[in-house]
Amino acid sequence: MLTHKSIQEMKKIFLTLFFLAAVQVWSHAQRVAVKTNLLYDATTTLNLGCEVALQKHLTIDVSGNYNPFTFSDDKSIKHWLVQPELRYWILEAFNGHYIGLHGQYGDYDIAGQKLPFGMKSKYCYDGFAYGGGISYGYQLYLSPHWNVEFTVGGGYTYFEYDKYNYPKGQQKLGKFRNHYWGLTKAGISIVYIIR
């Protein structure tokens, strides 16, 4: 069983390796795009994605999402999430259909919200999740620098969390684990192609 300390160490190692790989890929990239997912924006989640072409049919996409906000009555969907994805484009990078293989890792502190994965509004959930899956997407060409991207993906997510009665502050009800199979990714994104 993973301890909180070992999870923190794994995060540091993952982020360091990810940063080093990103610098290496960026230095050899022919084309780079940045994007924002409008579906995340609608939930007050700040997000930014970066996609780098490795060759004509292959790209690496990484998105980061962060929600630090607490709403009325101490309700929240606080979280951060990283989703890397390797994409194979049928025609060429940043044009038309693609198939992807994605991963995800995130931490969350959700209170007073009814969400998928069995999370009910009468509880608070404080934990982490990781998983991955396959996705399908399409980028619609608008101009040499602008696209709109549509994507959906499915797969597996593992959740581990402490559960409290809402509002939080009362005694912990226990530590729980869930295994989820289903939708793991969705997006309608505005894409700006840098080069």
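**Cavity, cores and rings**

Author: By class, the lining of the largest cavity comprises 3 nonpolar, 11 polar and 5 charged residues. The model is a predicted one, and the values below are computed from it.

Reader: What makes an empty space in this structure count as a cavity, and how many of 30 Å³ or more does a search of the whole structure find?

Author: A space is called a cavity if a 1.4 Å probe fits inside but cannot get out, and the search of the whole structure finds 1 that reaches 30 Å³ or more. The largest cavity has a volume of about 140 Å³. Its lining consists of 19 residues, of which Lys35, Asn37, Ser63, Lys185 and Ser189 lie nearest the centre. Two or more lining residues come from each of strands S1 (32-37), S2 (46-55), S3 (58-67), S4 (76-89), S7 (146-165) and S8 (172-193).

Reader: Which residues make up the largest nonpolar core, and what makes such a set a core?

Author: The largest nonpolar core holds 9 residues, namely Ile77, Tyr108, Ile110, Tyr123, Tyr125, Ala129, Phe159, Tyr161 and Tyr180. A set of this kind is called a nonpolar core because its members are buried and are joined through side-chain atoms within 4.5 Å. Strand S5 (96-111), strand S6 (123-141) and S7 each supply at least two residues of this core, and the largest share, 3 residues, comes from S6. Another core, of 8 residues, lies apart from it and includes Ala33, Ala93, Val191 and Ile193.

Reader: How do you know that S6 pairs with S7, and how do S5 and S6 run?

Author: Strands count as paired if there are at least two bridges between them; S6 and S7 have 19 bridges in the antiparallel sense, so by that rule they pair. These two strands also form a hairpin, with 4 residues between them, and Gly133 has Gly155 in S7 as its bridge partner. S5 and S6 run antiparallel as well, joined by 16 bridges, one example being Gly106, whose partner in S6 is Ala129.

Reader: Why is the pair of Tyr105 and Phe128 called stacked?

Author: Rings pair if their centres lie within 6.5 Å, and planes under 30 degrees apart count as stacked. For Tyr105 and Phe128 the values are 6.2 Å centre to centre and 20° between the planes, so both conditions are met and the pair is stacked. The pair links distant parts of the chain, since Tyr105 belongs to strand S5 and Phe128 to strand S6, 23 residues apart. Phe128 also pairs with Tyr130, and with 6.3 Å centre to centre and 10° between the planes this pair too is stacked.

Reader: Is Tyr105 buried or exposed, and what is the class of Tyr130?

Author: Buried means under 20% relative accessible area; Tyr105 has 16%, and therefore counts as buried, as does Phe128 at 10%. Tyr130 has a relative accessible area of 34%, which lies between the cut-offs of 20% and 50%, so Tyr130 is partly exposed.

Reader: Which residues form one aromatic cluster, and how many aromatic pairs are there by this rule?

Author: Trp80, Tyr105, Phe128, Tyr130 and Tyr158 form one aromatic cluster, and the count of aromatic pairs comes to 12.

Reader: What does the secondary structure of the protein come to, and how many of its residues count as buried?

Author: The protein has 2 helices and 8 strands, which follow one another from the N terminus as α-β-α-β-β-β-β-β-β-β. Of its 195 residues, 39% count as buried.

Technical notes
Residues numbered from 1 in each chain as written. Predicted model: local features only at pLDDT ≥ 70, side-chain atom pairs only at ≥ 80, totals over all residues. Heavy atoms only, no water. 1 Å grid on protein atoms, 1.4 Å probe; cavity = no way out; pocket = protein on both sides within 12 Å on 5 of 7 lines; lining within 4 Å. Points joined across faces, edges and corners; volume = space filled by probe spheres on them. Nonpolar A, V, L, I, M, F, W, Y, C, P; charged D, E, K, R; others polar. Buried < 20%, exposed > 50% of the residue type's maximum accessible area, 1.4 Å probe, protein only. Phe/Tyr/Trp six-rings, centres within 6.5 Å; stacked < 30°, edge-to-face > 60°.
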